[in-house]
Amino acid sequence: MTSGASATKTFAVDAHQLRAVSAWWHEWARSAGLTEEARDRGELCLNEAIGNIIEHGAAGAPQSVDVVVEPLERAVSVSVIDSGARFNPLEHQPAERGRSLATTPDRGLGILMMRTFAESLSYRRDHDRNVLTFTFSR
Amino acid sequence: MELTITQLDNGTRKIDLAGRLDLEGAQAIDLKFTVLTASERTFSVIDLSGVEFMASMGIATLVRNAKAARLREGNMVLLNPQANVAKVLTAMGIDRLIPICYSLADACTLVLTPPPATT
(Lines give C-alpha, C1' and ligand atoms only; values in the text may rest on other atoms or scores of the structure.)
Protein backbone atom coordinates (compact mmCIF):
# COMPACT_ATOMS: atom_id res chain seq x y z
CA MET A 1 0.00 0.00 0.00
CA THR A 2 1.68 3.25 -1.16
CA SER A 3 2.21 5.66 1.69
CA GLY A 4 -0.36 8.43 1.71
CA ALA A 5 -2.00 7.49 -1.59
CA SER A 6 -5.73 7.05 -2.09
CA ALA A 7 -6.87 3.48 -1.76
CA THR A 8 -9.93 1.42 -2.52
CA LYS A 9 -10.86 -2.02 -1.31
CA THR A 10 -13.94 -4.18 -1.64
CA PHE A 11 -15.32 -6.14 1.26
CA ALA A 12 -18.18 -8.58 1.62
CA VAL A 13 -21.16 -7.24 3.53
CA ASP A 14 -20.76 -9.65 6.42
CA ALA A 15 -20.29 -9.11 10.15
CA HIS A 16 -17.22 -11.35 10.02
CA GLN A 17 -15.58 -8.98 7.54
CA LEU A 18 -15.65 -5.95 9.82
CA ARG A 19 -12.36 -6.91 11.42
CA ALA A 20 -10.73 -7.25 8.03
CA VAL A 21 -11.99 -3.74 7.28
CA SER A 22 -10.42 -2.47 10.48
CA ALA A 23 -7.11 -4.16 9.75
CA TRP A 24 -6.95 -2.75 6.23
CA TRP A 25 -7.89 0.71 7.49
CA HIS A 26 -5.20 0.69 10.17
CA GLU A 27 -2.56 -0.41 7.68
CA TRP A 28 -3.47 2.42 5.32
CA ALA A 29 -3.84 4.96 8.11
CA ARG A 30 -0.40 4.17 9.56
CA SER A 31 1.21 4.40 6.14
CA ALA A 32 -0.50 7.75 5.63
CA GLY A 33 0.89 9.03 8.91
CA LEU A 34 -2.43 9.59 10.64
CA THR A 35 -2.40 10.23 14.36
CA GLU A 36 -3.62 7.48 16.67
CA GLU A 37 -6.75 9.49 17.37
CA ALA A 38 -7.48 9.84 13.67
CA ARG A 39 -6.92 6.12 13.12
CA ASP A 40 -9.37 5.36 15.94
CA ARG A 41 -11.99 7.78 14.60
CA GLY A 42 -11.75 6.30 11.14
CA GLU A 43 -12.08 2.78 12.44
CA LEU A 44 -15.15 3.67 14.50
CA CYS A 45 -16.89 5.42 11.62
CA LEU A 46 -16.08 2.67 9.13
CA ASN A 47 -17.32 0.04 11.54
CA GLU A 48 -20.57 1.89 12.05
CA ALA A 49 -21.14 2.68 8.38
CA ILE A 50 -20.67 -0.89 7.22
CA GLY A 51 -22.36 -2.31 10.30
CA ASN A 52 -25.36 -0.18 9.40
CA ILE A 53 -25.50 -1.75 5.94
CA ILE A 54 -25.27 -5.22 7.45
CA GLU A 55 -27.97 -4.57 10.01
CA HIS A 56 -30.47 -2.74 7.84
CA GLY A 57 -29.98 -4.46 4.52
CA ALA A 58 -32.98 -6.58 3.70
CA ALA A 59 -34.39 -7.32 0.25
CA GLY A 60 -31.94 -5.90 -2.25
CA ALA A 61 -29.15 -5.89 0.31
CA PRO A 62 -25.74 -5.44 -1.31
CA GLN A 63 -23.30 -8.32 -1.30
CA SER A 64 -20.23 -6.13 -1.19
CA VAL A 65 -19.16 -2.64 -0.27
CA ASP A 66 -16.30 -0.49 -1.56
CA VAL A 67 -14.29 1.57 0.87
CA VAL A 68 -12.44 4.51 -0.66
CA VAL A 69 -9.94 6.44 1.44
CA GLU A 70 -8.46 9.69 0.24
CA PRO A 71 -5.92 11.80 2.05
CA LEU A 72 -6.63 15.51 1.95
CA GLU A 73 -4.26 18.22 3.00
CA ARG A 74 -5.25 18.22 6.65
CA ALA A 75 -7.97 15.64 6.74
CA VAL A 76 -8.99 12.26 5.44
CA SER A 77 -12.06 11.46 3.40
CA VAL A 78 -13.56 7.99 3.63
CA SER A 79 -16.43 6.84 1.43
CA VAL A 80 -18.45 3.69 1.88
CA ILE A 81 -20.14 2.73 -1.37
CA ASP A 82 -22.72 0.00 -1.89
CA SER A 83 -25.13 -0.95 -4.65
CA GLY A 84 -28.09 -1.76 -2.45
CA ALA A 85 -31.50 -0.11 -2.50
CA ARG A 86 -31.45 3.58 -1.82
CA PHE A 87 -30.72 4.12 1.84
CA ASN A 88 -29.61 7.40 3.32
CA PRO A 89 -28.86 6.78 6.98
CA LEU A 90 -28.69 10.52 7.57
CA GLU A 91 -32.41 10.83 6.87
CA HIS A 92 -33.15 8.72 9.88
CA GLN A 93 -33.41 10.51 13.18
CA PRO A 94 -30.35 9.50 15.16
CA ALA A 95 -30.75 8.30 18.69
CA GLU A 96 -30.25 10.99 21.27
CA ARG A 97 -28.11 10.73 24.33
CA GLY A 98 -30.57 9.94 27.07
CA ARG A 99 -30.73 11.87 30.30
CA SER A 100 -31.30 8.66 32.14
CA LEU A 101 -30.68 5.01 31.51
CA ALA A 102 -34.41 4.44 31.26
CA THR A 103 -34.77 6.94 28.40
CA THR A 104 -31.60 5.97 26.53
CA PRO A 105 -32.31 3.93 23.42
CA ASP A 106 -30.40 0.74 22.81
CA ARG A 107 -30.86 0.99 19.05
CA GLY A 108 -29.97 3.54 16.42
CA LEU A 109 -26.71 4.47 18.07
CA GLY A 110 -24.57 3.94 14.96
CA ILE A 111 -25.45 7.24 13.29
CA LEU A 112 -24.94 9.05 16.58
CA MET A 113 -21.51 7.45 16.81
CA MET A 114 -20.61 8.63 13.30
CA ARG A 115 -21.88 12.13 13.95
CA THR A 116 -19.87 12.18 17.17
CA PHE A 117 -16.57 11.04 15.73
CA ALA A 118 -16.63 12.36 12.16
CA GLU A 119 -16.17 16.04 11.43
CA SER A 120 -18.46 15.88 8.46
CA LEU A 121 -20.89 13.31 7.16
CA SER A 122 -22.66 13.33 3.80
CA TYR A 123 -24.69 11.08 1.56
CA ARG A 124 -25.39 10.99 -2.14
CA ARG A 125 -26.96 8.56 -4.55
CA ASP A 126 -24.66 8.06 -7.51
CA HIS A 127 -25.52 5.78 -10.44
CA ASP A 128 -27.68 3.47 -8.34
CA ARG A 129 -25.14 3.35 -5.55
CA ASN A 130 -25.26 4.70 -2.02
CA VAL A 131 -22.23 6.81 -1.18
CA LEU A 132 -21.72 7.73 2.45
CA THR A 133 -18.70 9.95 3.03
CA PHE A 134 -17.17 11.12 6.27
CA THR A 135 -14.12 13.24 6.93
CA PHE A 136 -11.97 13.96 9.94
CA SER A 137 -8.69 15.67 10.68
CA ARG A 138 -5.48 13.75 10.24
CA MET B 1 -15.26 -12.16 22.18
CA GLU B 2 -14.56 -14.00 25.41
CA LEU B 3 -16.65 -13.85 28.54
CA THR B 4 -15.57 -15.21 31.92
CA ILE B 5 -17.46 -15.10 35.20
CA THR B 6 -16.32 -14.79 38.78
CA GLN B 7 -18.72 -14.77 41.70
CA LEU B 8 -17.32 -12.44 44.34
CA ASP B 9 -17.68 -12.85 48.08
CA ASN B 10 -20.08 -9.92 48.43
CA GLY B 11 -22.57 -11.52 46.07
CA THR B 12 -21.48 -9.46 43.10
CA ARG B 13 -20.90 -11.12 39.77
CA LYS B 14 -17.77 -10.02 37.94
CA ILE B 15 -17.92 -10.55 34.20
CA ASP B 16 -14.69 -10.17 32.26
CA LEU B 17 -15.03 -9.37 28.57
CA ALA B 18 -12.09 -9.70 26.21
CA GLY B 19 -11.85 -8.92 22.53
CA ARG B 20 -13.73 -6.58 20.26
CA LEU B 21 -17.23 -5.51 21.21
CA ASP B 22 -18.28 -4.88 17.63
CA LEU B 23 -21.22 -6.39 15.73
CA GLU B 24 -19.65 -9.83 15.69
CA GLY B 25 -18.49 -9.65 19.29
CA ALA B 26 -21.82 -8.39 20.58
CA GLN B 27 -23.68 -11.14 18.76
CA ALA B 28 -21.32 -13.74 20.19
CA ILE B 29 -22.04 -12.85 23.81
CA ASP B 30 -25.54 -11.38 23.60
CA LEU B 31 -27.60 -14.23 25.00
CA LYS B 32 -25.15 -15.31 27.67
CA PHE B 33 -24.54 -11.72 28.78
CA THR B 34 -28.26 -11.12 29.10
CA VAL B 35 -28.75 -14.28 31.14
CA LEU B 36 -25.88 -13.35 33.44
CA THR B 37 -26.75 -9.70 34.00
CA ALA B 38 -30.45 -9.27 33.50
CA SER B 39 -32.47 -12.44 33.77
CA GLU B 40 -32.77 -12.13 37.53
CA ARG B 41 -31.82 -9.61 40.21
CA THR B 42 -28.06 -9.39 39.75
CA PHE B 43 -25.31 -6.97 40.71
CA SER B 44 -22.71 -7.09 37.95
CA VAL B 45 -19.27 -5.57 37.55
CA ILE B 46 -18.34 -5.65 33.89
CA ASP B 47 -14.57 -5.70 33.52
CA LEU B 48 -13.74 -4.02 30.22
CA SER B 49 -9.97 -4.05 30.60
CA GLY B 50 -9.71 -6.72 27.92
CA VAL B 51 -12.02 -4.99 25.45
CA GLU B 52 -9.97 -3.52 22.61
CA PHE B 53 -12.74 -1.87 20.62
CA MET B 54 -16.27 -0.68 21.38
CA ALA B 55 -18.85 -0.15 18.63
CA SER B 56 -22.46 0.95 18.89
CA MET B 57 -23.61 -2.67 19.10
CA GLY B 58 -21.43 -3.13 22.15
CA ILE B 59 -22.86 -0.02 23.75
CA ALA B 60 -26.36 -1.25 22.93
CA THR B 61 -25.63 -4.53 24.69
CA LEU B 62 -24.43 -2.74 27.81
CA VAL B 63 -27.31 -0.25 27.85
CA ARG B 64 -30.01 -2.83 27.23
CA ASN B 65 -28.82 -5.11 29.98
CA ALA B 66 -28.07 -2.34 32.46
CA LYS B 67 -31.65 -1.14 32.00
CA ALA B 68 -33.01 -4.62 32.53
CA ALA B 69 -30.83 -5.14 35.58
CA ARG B 70 -32.17 -1.97 37.19
CA LEU B 71 -35.75 -2.93 36.42
CA ARG B 72 -35.09 -6.09 38.43
CA GLU B 73 -33.63 -3.94 41.22
CA GLY B 74 -30.12 -5.09 40.42
CA ASN B 75 -27.34 -2.93 39.04
CA MET B 76 -24.37 -2.81 36.70
CA VAL B 77 -21.12 -0.89 36.73
CA LEU B 78 -18.26 -0.87 34.26
CA LEU B 79 -14.65 -1.44 35.30
CA ASN B 80 -11.33 -0.36 33.80
CA PRO B 81 -12.09 0.39 30.16
CA GLN B 82 -9.04 0.93 27.98
CA ALA B 83 -8.45 4.56 27.00
CA ASN B 84 -9.95 4.26 23.53
CA VAL B 85 -13.02 2.48 24.89
CA ALA B 86 -13.42 4.99 27.69
CA LYS B 87 -13.30 7.76 25.10
CA VAL B 88 -16.19 6.18 23.21
CA LEU B 89 -18.25 5.63 26.36
CA THR B 90 -17.71 9.22 27.46
CA ALA B 91 -18.38 10.74 24.04
CA MET B 92 -21.63 8.82 23.85
CA GLY B 93 -22.62 9.86 27.37
CA ILE B 94 -22.69 6.32 28.67
CA ASP B 95 -20.47 7.20 31.61
CA ARG B 96 -23.33 9.30 32.99
CA LEU B 97 -25.72 6.39 32.79
CA ILE B 98 -23.65 3.37 33.78
CA PRO B 99 -20.91 4.20 36.29
CA ILE B 100 -17.31 3.57 35.29
CA CYS B 101 -14.85 2.61 38.01
CA TYR B 102 -11.12 2.08 37.91
CA SER B 103 -10.75 -0.13 40.95
CA LEU B 104 -12.54 -3.35 41.72
CA ALA B 105 -13.13 -2.26 45.30
CA ASP B 106 -14.89 0.90 44.14
CA ALA B 107 -16.89 -1.05 41.61
CA CYS B 108 -18.04 -3.57 44.20
CA THR B 109 -19.12 -0.80 46.53
CA LEU B 110 -20.87 1.23 43.87
CA VAL B 111 -22.73 -1.65 42.27
CA LEU B 112 -24.46 -2.40 45.56
CA THR B 113 -25.40 1.26 46.05
CA PRO B 114 -28.91 1.98 44.79
CA PRO B 115 -28.65 4.35 41.82
CA PRO B 116 -30.35 7.74 42.06
CA ALA B 117 -34.03 7.65 41.18
CA THR B 118 -33.46 9.84 38.11
CA THR B 119 -31.16 7.33 36.45
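How many residue pairs are in polar contact between chain B and chain A, counting those with both at pLDDT 80 or more? The count is 7. Keep in mind that this is a predicted model.

**View 1. Where chain B touches chain A.** Here's the meeting place of the two chains, with 29 residues coming from chain B and 28 residues from chain A. Together the chains bury about 2,400 Å² between them, and 63% of that is on carbon and sulfur atoms. Three residues are worth finding on the chain B side: Glu24(B), Met92(B) and Leu97(B) supply 24% of the area that chain B buries against chain A, more than any other three residues.

**View 2. A salt bridge across the contact.** Zoom in on Glu24(B), one of the three residues just picked out. Glu24(B) forms a salt bridge with Arg19(A), and the closest N and O atoms of the two are 3.7 Å apart. This pair counts as a salt bridge because the cut-off is 4 Å. In total, there are 3 salt bridges between chain B and chain A.

**View 3. The chain B side, piece by piece.** Which elements of chain B give two or more residues to the side that touches chain A? They are α1 (23–38), β3 (43–54), α2 (56–71) and α3 (83–91). Of these, α2(B) gives the most, with 9 residues. Sorted by class, this side of chain B has 14 nonpolar, 7 polar and 8 charged residues.

**View 4. Two rings meeting edge-to-face in chain A.** Now for the aromatic rings: a search of the whole structure turns up 4 aromatic pairs over all chains. In one pair, the ring centres of Trp25(A) and Phe136(A) are 5.9 Å apart and the planes sit at 70 degrees, so the pair is edge-to-face. The two partners come from distant parts of the chain, 111 residues apart: Trp25(A) is in helix α1 (residues 18–31) and Phe136(A) is in strand β5 (residues 129–137). Are these two buried or exposed? Trp25(A) has 0% relative accessibility, so it counts as buried, and Phe136(A), also at 0%, counts as buried too.

**View 5. A stacked pair and its ring cluster.** Stay with Phe136(A) and look at its pairing with Phe134(A). Their ring centres are 6.2 Å apart with the planes at 20 degrees, so this pair is stacked. Both Phe134(A) and Phe136(A) are buried. Step back a little and you can trace a cluster, in which ring pairs link Trp25(A), Trp28(A), Phe134(A) and Phe136(A).

Conventions. Residues are numbered from 1 along each chain as its sequence is written. Chains are lettered from A and ligands numbered from 1 in the order in which they are written. This is a predicted model: local features need pLDDT of at least 70, side-chain atom pairs count only at pLDDT 80 or more; totals for chains, interfaces and linings use all residues. Side-chain values use heavy atoms; hydrogens and water are left out. Contact means heavy atoms within 4.5 Å. Buried area is the accessible area (1.4 Å probe) that two parts lose on being put together, summed over both. A salt bridge is a side-chain nitrogen of Lys or Arg within 4 Å of a carboxyl oxygen of Asp or Glu. A polar contact is a pair of N or O atoms within 3.5 Å; within protein, one must be able to donate a hydrogen and the other to accept it, and residues adjacent in sequence count only if both atoms are side-chain atoms. Helices (H or I, at least four residues) and strands (E, at least two) are DSSP runs, numbered from the N terminus. Ala, Val, Leu, Ile, Met, Phe, Trp, Tyr, Cys and Pro count as nonpolar, Asp, Glu, Lys and Arg as charged, and the others, Gly among them, as polar. Rings of Phe, Tyr and Trp (its six-membered ring) pair if their centres lie within 6.5 Å; planes under 30 degrees apart count as stacked, over 60 as edge-to-face and the rest as tilted. Buried means under 20% relative accessible area, exposed over 50%, partly exposed in between (1.4 Å probe, protein chains only).
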